[in-house]
Amino acid sequence: MQKHKSSHVAPIFPPKTPAPAPASSTLNPIPSSSPAFGTPAHTLRPFSIAVPSKATILPILLPPATLRPLAFRTFTKKHSLTLASSALQELATFIGRHCGSGWREEGLAEKVLEEVARSWKGRNGGVIVDGNSQELKEILKTLEGNMSGGRIGTAPAISRQDSFALDVTQESELSNTRLGLRPTSNLTREDTQTSFGLSSLGVQQDDPDDEGLNHPRHWLKVVNAFDQPRMLYNISKKHFERDSSKPSLMPPSSHKTTLFRNRYNVIHQRLLRNELFQSSAVAVTKGPPSLQRSSSSGLTTQQTHKITPIANLLGRHGTHHMLLGLLSILPAGSLAINDLTGTISLDLSHAAAIPENSAWFTPGMIILVDGVYEEEEESTGKGLGASNGIGGIIGGRFQAFFIGQPPCETRKATLGVNGPDGSQDHTIGGGFGWIDFLGVGSERAVGSKMRKLERRLLRQTQPEPDLPSRNRIAIIGELNLDQPRALQALRKILTTYAIEPEGSSPMTFILTGNFTQHAVMAGGGSSGGSVEYKEYFDSLAAVLTDFPTLLQTSTFVFVPGDNDGWASSFSSGAAVPLPRKAVPDLFTSRIRRAFAAANAEAGTRSGIAGEAIWTSNPARLSVFGPSHEIVVFRDDISARLRRTSIRLKTPNSGAEDQEDGPPPQSDSSHDDIEMDSALENTDSMDVDPTTLSIRPKPKSPDIPHDVQTARRLVKTILDQGYLCPFRHAIRPVHWDYAGSLHLYPLPTALVLVDPTAPPFALTYEGCHVMNPGPVLVTGRRGVGRWLEYELGGTGRVRECMF
């Protein structure tokens, strides 16, 4: 009893540890909550687990000027990024708070800057790192949660494939950790490529195991014009920015001004990047600059050009200038040129095109004009606005002597890449390689990886070189379904590919409108209405059903024309606003049903099922990300250029032609185009934009007339960098969606479906331009025509008899 009482008294000295009981002892040394099972009352702890303490960092105030050399070396020299002052301030504050005084000696700041730069590139944030951007704030917030003691920790990264399939050693170590035992090795792994997933580019490093990923059609994406990212050029940052405003079909009038301002800024910055418009501190030229180059030897100093704003012409009577502006028509009916500073009347009575007859010039185009400013006596001293007062019209006129298109820029120069494959090992300064123009990834981020993937997949799908290539695109021109002979020609074309060996059918078939000769939805033609319009597509479905193999292994893309619904229901066949939406699903249900039946019959035999995609006009096809960009546009643009173009002075015409009269007749003396290289090769058009010279006209031109017409059309469209270089009264445009009409950077291929122009396949500044023309050849009964394009190569016009 005395023993139990003493146990409740607090001892003065610590109790002695009792000696271990002998094995034969009947006492239980471990008090148990369940004596029958011998369960300990408390959890045994063989060793004490020390909770890792977070190292204490004493924050400091790091001046941005002190961090600038290290940031410049990491961002600019290593990653080709431009660091804004606001971003440098944010990084200095972050590093001073989380790295402390050891930011330089221990190399903590360099690792943080490296991680931020890689994460910024992985997010396609652009070439300029802005401190006020939401992307930089998210990157710093993510890094803050992964930093300990000024160092960036590495989180365990488990891929999707093996997230639930652990190694045997990992399984045992994980169970030991849960039981409180010390693990034998770390569970973390070094993965500098993923870097918390912040710098992931969305392209797997290893070979994809999925069968669908091994198919080239998996990397084919059709970009609708209404879903394409809308980019605006910022002249202060000299960079493209995404337009964050919500687009609308009925926008305010200020958006129309933004449309023309953006067109002008894109062409203006493109000219300033051209070597002809870059002045040198060494070169000294004599005389005023002109579009006409000197005929002296190439050893002389190259003459540079300088663009003068229209507002700077005030008070400079009789001086020589070069203007860049929009060719427009004044209310009085005379021609004028205007830029962002003002407008001036333009006299083209003595102007000559450079090169001669190489392009069209219509109101609505942005052109280069070289001439002399002449100030009228009655308007001397009135300055900007003069008696008009609206639009900044300058008194006097500009007497033009030479007129030309702004030189084009290659795709590689725009994106800032070089070399045969455009890899990052061959990069040049500047460019917009980090801009994602289509929403499929930027060139500098995923371009080289996609090209490696393309080479690997195309080798797998092309085991024998003698077989037809799998990476072909069959482009079928204007297909009028209300003509039975057009369906016969289509059946013969599809039969040509159906009899090819298995596995060698084309990757894509592109079918373009107008799918009816007249605006059937508006009651045009012999019979009109939506019922007849749907019956035409039902007849097309009956033809496609006879070729189930092609429906199972290819992608069919349908691009509408001006006569297709619903836009033609109110336009009655006239020009509808661009871009225009796809044909409604109401009329194409039976074609989709034919594809579904063919894929159900195939089952799981093919990796990717065939599909029918109804897209907008224009539309873009992206194959392997930014590696291949194909623009498809259906328009009678050649006929519209001939109707609206101005007539210029020609060497053979003694009298002066009127400025806005009808276009010249299709005579060989007027349509002779002087190209600067490879005139004897009628399948290529490699024109050097730096050669702006007038050469003597040959007496007997050996270039066919169709080739001359095609070259003139191609040079006009690509130099403008815009698919609709007309006045809005001639060809309307949706102001908020005009970005889908830009050809900047130049695509790898442009499919310009124009029945009013001859079929051709030409290459100009690295862009391959093709026109298949109509399916039925005019003047040749029983002949069908289409165009076949080799991905990354050239196209060729093919014909068949039916």
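This passage describes the overall make-up, the two six-stranded sheets and some local features of a predicted model.

The protein contains 802 residues, of which 48% are buried. Its secondary structure comprises 16 helices and 26 strands. Contacts that span long stretches of sequence are well represented: among the contacts with a separation of 6 or more, 72% link residues 24 or more positions apart. Confidence across the protein averages a pLDDT of 78, and 71% of the residues reach a score of at least 70. Residues 293-301 fall below 50 in pLDDT, and this stretch makes six contacts in the model beyond near neighbours in sequence. A pLDDT under 50 is also found over residues 422-426, although here the model has 13 contacts beyond four places in sequence. Readers may wish to keep these two stretches in mind while looking at the structure.

Two open sheets can be described strand by strand. One of them has six strands, in the order β7-β20-β21-β22-β24-β23, and its pairing is mixed. Its edges are formed by β7 (220-224) and β23 (760-764); each has a single partner strand, so one side of each lacks a neighbour in the sheet. On average, neighbouring strands of this sheet are turned by 20° against each other, direction ignored. Helix α16 packs on the sheet, where it touches β22, β23 and β24, and its direction makes about 45° with that of β23. Within the sheet, β22 and β24 (residues 767-771) run parallel and are joined by three bridges. One residue of this pairing is Val751, whose bridge partner in β24 is Met770.

The other open sheet described here is likewise built of six strands with mixed pairing, in the order β19-β18-β17-β16-β25-β26. At its edges stand β19 (611-614) and β26 (795-801), each of which pairs on one side only. From one strand to the next, the twist averages 25°. Inside this sheet, β16 (residues 472-478) pairs with β17 in the parallel sense over five bridges, and Ile473 stands opposite Thr508 of β17. A helix accompanies this sheet too: α14 lies across β18 (555-559) and β19, and runs at about 155° to β19.

A good place to look at side-chain detail is Thr748, in the loop between α16 (705-720) and β22 (749-753). Thr748 has a relative accessible area of 18% and is therefore buried, the cut-off being under 20%. Its side chain reaches the backbone oxygen of Glu629 at 2.8 Å. Besides Glu629, the residues that Thr748 touches include Arg411, Ser627, His628 and Ile630, as well as Gly766, Cys767, His768 and Tyr789, leaving aside residues up to four places away in sequence.

Cys767, one of the residues touched by Thr748, leads on to the cysteines. No disulfides are found in a search of the whole structure. For Cys767, the closest cysteine sulfur belongs to Cys408 and lies 7.8 Å away, which is too far for a bond because a disulfide requires sulfur atoms within 2.5 Å. Cys767 is buried, at 0% relative accessibility. Cys724 is buried as well, with a relative accessibility of 2%.

Finally, several loops show backbone geometry that is worth a look. Most residues other than glycine have a negative phi, and most peptide bonds are trans. Two loop residues have a positive phi without being glycine. Ser80 has a phi of about 55° and is found in the loop between α2 (64-78) and β3 (82-83); with a relative accessible area of 34%, Ser80 is partly exposed. Lys238 has a phi near 55° and sits in the loop between β8 (231-234) and β9 (239-242). Lys238 is exposed, its relative accessible area being 57%.

Cis peptide bonds also occur in loops. The bond from Gly513 to Asn514 is cis, with omega near 10°, and Asn514 belongs to the loop between β17 (508-512) and α11 (530-545). Leu578 and Pro579 are likewise joined by a cis peptide bond, with omega about -10°. Pro579 lies in the loop between α13 (568-571) and α14 (589-602).

Methods:
Residues are numbered from 1 along each chain as its sequence is written. This is a predicted model: local features need pLDDT of at least 70, side-chain atom pairs count only at pLDDT 80 or more; totals for chains, interfaces and linings use all residues. Side-chain values use heavy atoms; hydrogens and water are left out. pLDDT is the predictor's confidence in each residue, from 0 to 100. Contact means heavy atoms within 4.5 Å. Buried means under 20% relative accessible area, exposed over 50%, partly exposed in between (1.4 Å probe, protein chains only). Helices (H or I, at least four residues) and strands (E, at least two) are DSSP runs, numbered from the N terminus. A polar contact is a pair of N or O atoms within 3.5 Å; within protein, one must be able to donate a hydrogen and the other to accept it, and residues adjacent in sequence count only if both atoms are side-chain atoms. Two strands pair if DSSP finds at least two bridges between them. Axes are lines fitted to C-alpha atoms, for helices over the stretch in contact, and angles run from 0 to 180 degrees between N-to-C directions.
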